[in-house]
Amino acid sequence: MANYQELANLVWNVADDVLRGLFKPHEYGDITLPFLVLRRLDCILTEDDRKDKAIETYNRYKDKMREELLPQVILNETKSSFYNTSQYDLSRLKADPNNIRLNFSNYLNGFSKDVRDIIENFNLDQFIDRLDKNNRLFIFCDKFTEVDLHPDQVDNHTMGQVFEELLRRFSEMSNETSGEHYTPRDVVRLLVSLLFAEHREEARGQGVIRSIFDPCCGTGGMLTIGKDYFREQINPDAEVRLLGQELNPQTYAICKSDMLITGENPDDIQLGSCLSGDGFQGERFDYMITNPPFGVSWKSDETAVKSEAGTAGGRFAAGTPRSSDGALLFLQHMLSKMESRGSRVGIVLNGSPMFTGDAGSGESNIRKWIIENDWLECIIALPDKLFFNTSIATYIWILTNRKLERRRGKIQLINGAEFFESMKRNLGDKSVFISDSHMERLVDIYTNFEECEHSKIYPNEFFGYTKVIVERPLVEKRDVLGEEKEFVVKDKKGNPKPDTALREDERIPFAEDIDGYFRREIKPHLPDSWMDRKKDKIGYEINFNRYFYRHTPLRSPREIADEMRALEQANEGLLRDVLELVSEG
């Protein structure tokens, strides 16, 4: 089998050789990736002469039955999920270089409907015309015929890796933001391992049917890895349905082509934003996994999101985060699709969903909704520099509406920041990876559900607090018989009037008695203060780093003095060397 890095290098060189000077580097991926898909499809259609069978079947029946009936007949005859009835493919186009543009269109139109939908979302026409006008369309087709993508040489797993490696490189050339990143395979494998770590026994045996859903599915890597893991580690006989939605037309097209090629249902992949246009409205899923974009605005979805946020039972009724980061909206969308019999959710997030937003804010209310429903099972901190296009600190959240008895009412936090190995060569911002042994260790810590150096377990209430408003009286200074004195300003009822300039808030943990806390911690320092309990707000926050903080003792004065003396001696030696050089000169 071919190595995915070698294949990616080969395709990269083809793009660079042919497209340089004619297209801007950030456009390379828009042209190259569709051709990669076309070449893969061509190589598959050469198996068992499927292409020739499709052409023969089409010619035999085209005048004998209605046009809408022909596709199913051709699919049955070729025993395939797609076909092409044109006499051309990328190799056969070389036979007539003078008519390459016309024949190329004939070739694309010869594909079955699912493939044509994929090609349309690549928006190839504008690039094909430019290639043709500059006499490079023939060369580009010719170059791709040198890349052998036959399934005997490149299996589906490797093909997925080639797509993702090229996407990563092209995204770097496009100067994509940190939110537009692709999930490394080691992160996906860890996420999938954690997702399937519990409730495994009931998924074994005959007749098991399960669904895996990704609302930000990209090229579909999480879905296919999820299915492979389930089949290999849990139940090889299970029927596993893969479903996803993707906003970007290009990555949607790649994902859909992959589903088509691997025998999945390509109609289970939907195009568009899942926030403003749920492609699976009313459906529920057994397993859900995703890596939504980090720190990306949801303003384009605002109207639809706020409409559901204001509707009882709507997907976003728990609250809406600030418009600059929609991560918690994706999580709410997934939680709305949990099966009543029990679902498991795994999501990759940055740090802000754990603590952004004060009590009463959208973020805090969403955390409150999740924790008070006892859905949050575990949060795992990942190592730094783990992703291709961002060095942001990242975390995996595992959630379920069917916790094991021992986990009920509790949340486990795992610090996995030290579980990594350095890479021999950086890939963009990615300089470390999670090895198999580290992955196994993290899953063991999770399933053991015990406290240790890397694991903390807290009751749900630990993360909640009451925000109370502490007020002090408004004081006026008046002249009394030539002496300036302070007087408390009172309202019409004779109560002290609060001074808004001295109004403060205090976060009191749920574990504390509020009145007792006030008497002990506040009253001694502000004896004239009181609490306005009508303004109480409930908040939830997960300050992950605080729980794993390690105190580093200060060095002793003797150690510092010894170090200073050593530095002084070194500097004296350096000064002598400089003076000797000057005198010799």
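In what order do the strands of the open sheet of 3 strands lie? In this predicted model, select E15, E12 and E16 together: the order is E15-E12-E16, and the pairing is antiparallel.

**The sheet and the helix across it**

Begin at the margins of this sheet by colouring strand E15 (504-509) and strand E16 (530-540), which are the edge strands and each pair on one side only. If you then look along the sheet, neighbouring strands are turned against each other by 30° on average, with direction ignored. Next, select strand E12, residues 464-471, and follow it beside E16: the two run antiparallel and are joined by 7 bridges. To see one of these pairings in detail, pick Tyr-465, whose bridge partner in E16 is Gly-539. Keep the sheet on display and add helix H18, residues 514-522, which lies across E12, E15 and E16 and runs at about 110° to E16.

**The largest nonpolar core**

Move now to the helices that build the largest nonpolar core, and show helix H1 (4-19), helix H2 (28-45), helix H5 (100-109), helix H6 (113-122), H7, H8, helix H9 (156-173) and helix H12 (249-261), each of which gives two or more residues to this core. H2 gives the most, with 11 residues. Within the core, which has 54 residues, select Phe-35, Leu-36 and Phe-104, the three that touch the most other members. Centre the view on Phe-104 and display its surroundings: leaving aside residues up to four places away in sequence, Phe-104 touches Phe-35, Leu-38, Leu-90, Leu-93, Ile-128, Leu-137 and Cys-141. A second core, separate from this one, has 46 residues, and a selection of Leu-190, Ile-234, Ile-434 and Met-439 will show you some of its members.

**Two loop residues with positive phi**

For the last stops, turn to the loops. Select Asn-135, which lies in the loop between helix H7 (125-133) and helix H8 (137-144); its phi is positive, about 60°, although Asn-135 is not a glycine. Is Asn-135 buried or exposed? With a relative accessible area of 64%, Asn-135 is exposed.

Then go to Lys-385, in the loop between strand E6 (376-381) and strand E7 (394-400). Lys-385 is likewise a residue other than glycine with a positive phi, here near 60°. Its relative accessibility is 47%, so Lys-385 counts as partly exposed.

How values were computed:
Residues are numbered from 1 along each chain as its sequence is written. This is a predicted model: local features need pLDDT of at least 70, side-chain atom pairs count only at pLDDT 80 or more; totals for chains, interfaces and linings use all residues. Side-chain values use heavy atoms; hydrogens and water are left out. Two strands pair if DSSP finds at least two bridges between them. Helices (H or I, at least four residues) and strands (E, at least two) are DSSP runs, numbered from the N terminus. Axes are lines fitted to C-alpha atoms, for helices over the stretch in contact, and angles run from 0 to 180 degrees between N-to-C directions. Contact means heavy atoms within 4.5 Å. Buried means under 20% relative accessible area, exposed over 50%, partly exposed in between (1.4 Å probe, protein chains only). A nonpolar core is a set of buried Ala, Val, Leu, Ile, Met, Phe, Trp, Tyr and Cys residues joined through side-chain atoms within 4.5 Å.
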